[in-house]
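Me: Please take a close look at one part of this model, namely how its helices pack, and then set that part in its surroundings. A formal, connected account would suit my work at the bench.

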Amino acid sequence: MSDDAQLAIEVAGLCKHYGDIEAVTGVDLSVATGEVVAFLGPNGAGKTTTVEILEGLRTRTSGDVQVLGVDPAQATAEWRERIGVVLQGAKHEGDFTAAEIVTMWSAYYRSPRPTAEVLELVGLADAAGTRTRRLSGGQQQRLAVALALVGDPELVFLDEPTTGFDPAARREAWQTIDGLRSLGVTVLLTTHYMDEADQLADRIVVISRGRIVADGTAAELAAHVAMPSQISWDAAELSPAVLSDRLRDLLSGDAGSLPSTAAASTAAAEPRDARPAIATRDVGDVLRELLAAADGAGTRLDSLAVQPPTLEDTYLALTGDGS
Amino acid sequence: MTRLGQLRSEARFNLLGFRRSPAATFFTVVLPIIFLVIFTSIFGNEIISSTGARVATVYVPGILALALVSANFMNAAIVTVIRRENGVLKAMRATPLPPWVYVGGQLAASLVLTAFMTALVIGIGWLGYSVEVQPGAVPSLLITLGVGAAAFSALGLAITCVCPSEQAAPAITNMCVLPLYFVSDVFIPSEGAPRWMTFIGDVFPIKHLAVALGRTFDPFSEGVPMPAWRWLILAAWGAFGVLVTLRFFRWTPRN
């Protein structure tokens, strides 16, 4: 009981089939109260289906789901008072101003936040009197967040809050979502951007083809897939030909085992490349050997660069065909 | 907020949205008045020898029927499809607002519009064309307006089930009502029309609304007009609308 009380969301073995299509095949997920969790996965992975089941907007085929201690399939108005929902690609009625829409929606709740306060929270105070059809994409999204917050919820769902946004609008939306933290709200957001998940969330849950494939912080996920780092330098400074046999093998050897990653494609460096590269998990050993070879050749190897695996590499490794 | 407060808020914002939509205000408020002026100008406002009543006695209730259909059926359908296809209804489903309050708010707004148009059309008929509601017929008029508004609002929700997109909604709703106006005593009296035309008019609800309204303006009608079976047909169409809505209504956009 005491453990359950700490969990805002608890999902076990969730499945959803549409006829023969299995959109979600056994999702397990738990989100603690006050946590910000990103539900990360490519398009069609089952993110929206899962989240809409948690929101009580979709039925499920099987599995156990508890959201704020209630099965969303039995959603009551009481329960809906406690959650806020931002749907994917939310649009608003264009003839109303931002303030009017918030006021209209505040009537749906028992003890709503004042309209001015909500607009302030999402940074739309200056646009209060603007018709929503004149709001930018980022502002429209912030208005959608405002509508999710007007009932003063404990838990907020955000489905792909920045998909299709330009960088400025994305940053705006990120600021708003980050602001939810100070309200102490539990947040479950879906995204197909690894950087967004890393930027906003305490924890990332990765879904691929209807199944959870990883769960942890960005650093933990990177460690979990143990992607190699990339070591490269200028061939003019140190020709690959002078390297030891072991290092020369690494130039192509490591790359072959990781066909699905961005790192692999560059690691398959041909000798004619201007920058030979080694993809390795033993960065220290390789560097020592490489620097020793450089000493032997009488070069300082100033062009040496070490690139740790990117978020993208980790994401592709987690959701791709490999691993 | 209390349920009553929610209903009032929904109705208020529905009316505000209506006022700010040029298309909705033109088709529901301006166009019926233009029709009234055009028809009475073309046909004059003489006393018709066969009935002894003025020409406008036919057009005032006809145009009132047109305005009622527009305020309830057309508006409910078009606004609902726009909200549905933009995901507004789906988002609303995720709030504690009960669906019946949403529908009730829209109905309340339609009733206010209907009352406004009734006052406007009757006022113009009285001041401009010497057509009056018969004092004894006021209860009958109110019943007809109430039953008609409820029935056409229900049919407005029902028709959204066959409107795939917000672009299709105005076309489909107009396709439903425009041809019917010509066989339903709205634009022209159906007396003397071919039998198949009067039959079509009798099947669908608009003619029953127009004729029931017409009875309340007829200076020679005997006693209190009680077009009970026309009310029943209107109510039956309304019930059909409710059943279709309950069975097929969608809260979510097509895509």
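Reply: For the angle between two helices, values under 35 degrees count as roughly parallel, over 145 as roughly antiparallel, 65 to 115 as roughly perpendicular, and the rest as oblique. The angle itself runs from 0 to 180 degrees between N-to-C directions, and each axis is a line fitted to C-alpha atoms, for helices over the stretch in contact. Helices (H or I, at least four residues) and strands (E, at least two) are DSSP runs, numbered from the N terminus.

This is a predicted model, in which local features need pLDDT of at least 70 and side-chain atom pairs count only at pLDDT 80 or more, while totals for chains, interfaces and linings use all residues. Residues are numbered from 1 along each chain as its sequence is written, and chains are lettered from A and ligands numbered from 1 in the order in which they are written.

The account begins with a helix pair in chain B. Helix α1 (residues 3–20) of chain B packs against helix α5 (residues 99–129) of chain B at an angle of about 55 degrees, and their axes lie 8 Å apart. α1(B) and α5(B) are therefore oblique to each other. Their crossing is right-handed; a crossing has this hand if the near helix is turned clockwise from the far one by less than a right angle, and is left-handed if anticlockwise. On α1(B), the residues that make the contact are R3(B), Q6(B), L7(B), E10(B), A11(B), N14(B), L15(B) and F18(B). Their partners on α5(B) are V101(B), Y102(B), G104(B), G105(B), Q106(B), A108(B), A109(B), V112(B) and L113(B). Two residues are in contact if their C-beta atoms, placed from the backbone, lie within 7 Å. By class, this contact has ten nonpolar, five polar and two charged residues, where Ala, Val, Leu, Ile, Met, Phe, Trp, Tyr, Cys and Pro count as nonpolar, Asp, Glu, Lys and Arg as charged, and the others, Gly among them, as polar. An α-helix has 3.6 residues a turn, so residues three or four places apart point the same way.

A second pair in chain B has another geometry class. Helix α3 (residues 56–85) of chain B and helix α7 (residues 168–183) of chain B pack at about 160 degrees, with 9 Å between their axes. α3(B) and α7(B) are therefore roughly antiparallel to each other, and their crossing is right-handed. α3(B) contributes L66(B), V69(B), F73(B), M74(B), A77(B), I78(B) and V81(B), and α7(B) contributes A169(B), P170(B), T173(B), V177(B) and Y181(B). This contact has eleven nonpolar, one polar and no charged residues.

Helix α1(B) also takes part in the meeting of the two chains. Here 20 residues of chain B are in contact with 18 residues of chain A. On the side of chain B, α1 and α4 (88–93) are the elements that give two or more residues, and α1(B) gives the most, with six residues. That side has eight nonpolar, eight polar and four charged residues.

The loop that lies between α5 and α6 (138–159) of chain B contains S130(B). Phi of S130(B) is near 55 degrees, a positive value in a residue other than glycine. With 11 C-beta neighbours inside 10 Å, S130(B) counts as exposed; a residue is exposed if 12 or fewer other C-beta atoms lie within 10 Å of its own, buried if 20 or more do, and partly exposed in between, with C-beta atoms placed from the backbone.

The partner chain completes the picture. Chain A has 13 helices and twelve strands, and buried residues make up 46% of its 323 residues. Of the 85 residues in the largest nonpolar core, V102(A) and A146(A) touch the most other members. Helix α6 (residues 137–149) of chain A gives the most to this core, with seven residues. Apart from this core lies another, of 59 residues, among them L68(B), M74(B), A77(B) and A150(B). Such a core is a set of buried Ala, Val, Leu, Ile, Met, Phe, Trp, Tyr and Cys residues joined through C-beta atoms within 7 Å. M74(B) and A77(B) thus appear both in this core and in the contact of α3(B) with α7(B).
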